[in-house]
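Trainee: I have a model open and would like to work through one helix and its surroundings. Can we start?

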Amino acid sequence: MLGRLNHVAIATRDAVKAAKIYGAAFGAQISEAVPLPEHGVTTVFATLPNTKIEFIEPLGEASPIAKFLERNADGGIHHVCYEVVDIIASRDTLVKEGARVLGDGVPKIGAHGKPVLFLHPKDFSGALVEIEQA
């Protein structure tokens, strides 16, 4: 059911600044900053040979990242994202097995222009999990 690791997301107060070190130190390709109002974040991606690092910063005071940064002032890993072949079938299987989908359970379009869902961290050893349609 799970595909490859798509990205690891790091919450920060300044996504562009945080991504620059990956470009300078690791030679990663750094994307432009992209605001995603429906998710309450601005994203910047550092593309590595085998995955991506997504830097997310709050977009507005109601951003869920703002609350994360209140608890983790220096930022930190926010979530991991895995690709799935069929997001609806994956959601239904996960729910049947006892996982909780955050929000209303309807996929939203994520940073890559593909449907995404988030899964409750208490069901995944404390890790917030995002699944993305491959």
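Trainee: Which residue with positive phi follows α3?

Mentor: Keep in mind that this is a predicted model. Look just past the end of α3 for a phi near 105 degrees, which is a positive value. The residue there is Gly98.

Trainee: What does the side-chain oxygen of Asp86 reach at the start of α3?

Mentor: The partner is a backbone atom, and the distance is within 3.1 Å. The atom reached is the backbone nitrogen of Ile88.

Trainee: Why do the buried residues of α3 line one face of the helix?

Mentor: The helix spans residues 87-96, and its buried residues are Ile87, Ser90, Arg91 and Leu94. An α-helix has 3.6 residues a turn, so residues three or four places apart point the same way. Seen down the axis of α3, the buried residues therefore line one face, falling within an arc of 100 degrees.

Trainee: Which strands are included in what covers the buried residues of α3?

Mentor: The cover includes a strand at 76-84, another at 115-119 and another at 129-133. In order, they are β6, β8 and β9.

Trainee: Which element gives the most residues to the largest nonpolar core?

Mentor: That core has 21 residues, and Leu119 is one of those that touch the most other members. Elements giving two or more residues to this core include β1, β4, β5 and α3. The top contribution is four residues, and the element that gives them is α1.

Trainee: How many residues are in the other core, apart from this one?

Mentor: Its members include Ala11, Leu36, Ile56 and Ile65. The count is eight residues.

Conventions
Residues are numbered from 1 along each chain as its sequence is written. This is a predicted model: local features need pLDDT of at least 70, side-chain atom pairs count only at pLDDT 80 or more; totals for chains, interfaces and linings use all residues. Side-chain values use heavy atoms; hydrogens and water are left out. Buried means under 20% relative accessible area, exposed over 50%, partly exposed in between (1.4 Å probe, protein chains only). The arc is that of the directions from the helix axis to the C-beta atoms. Contact means heavy atoms within 4.5 Å. A polar contact is a pair of N or O atoms within 3.5 Å; within protein, one must be able to donate a hydrogen and the other to accept it, and residues adjacent in sequence count only if both atoms are side-chain atoms. A nonpolar core is a set of buried Ala, Val, Leu, Ile, Met, Phe, Trp, Tyr and Cys residues joined through side-chain atoms within 4.5 Å.
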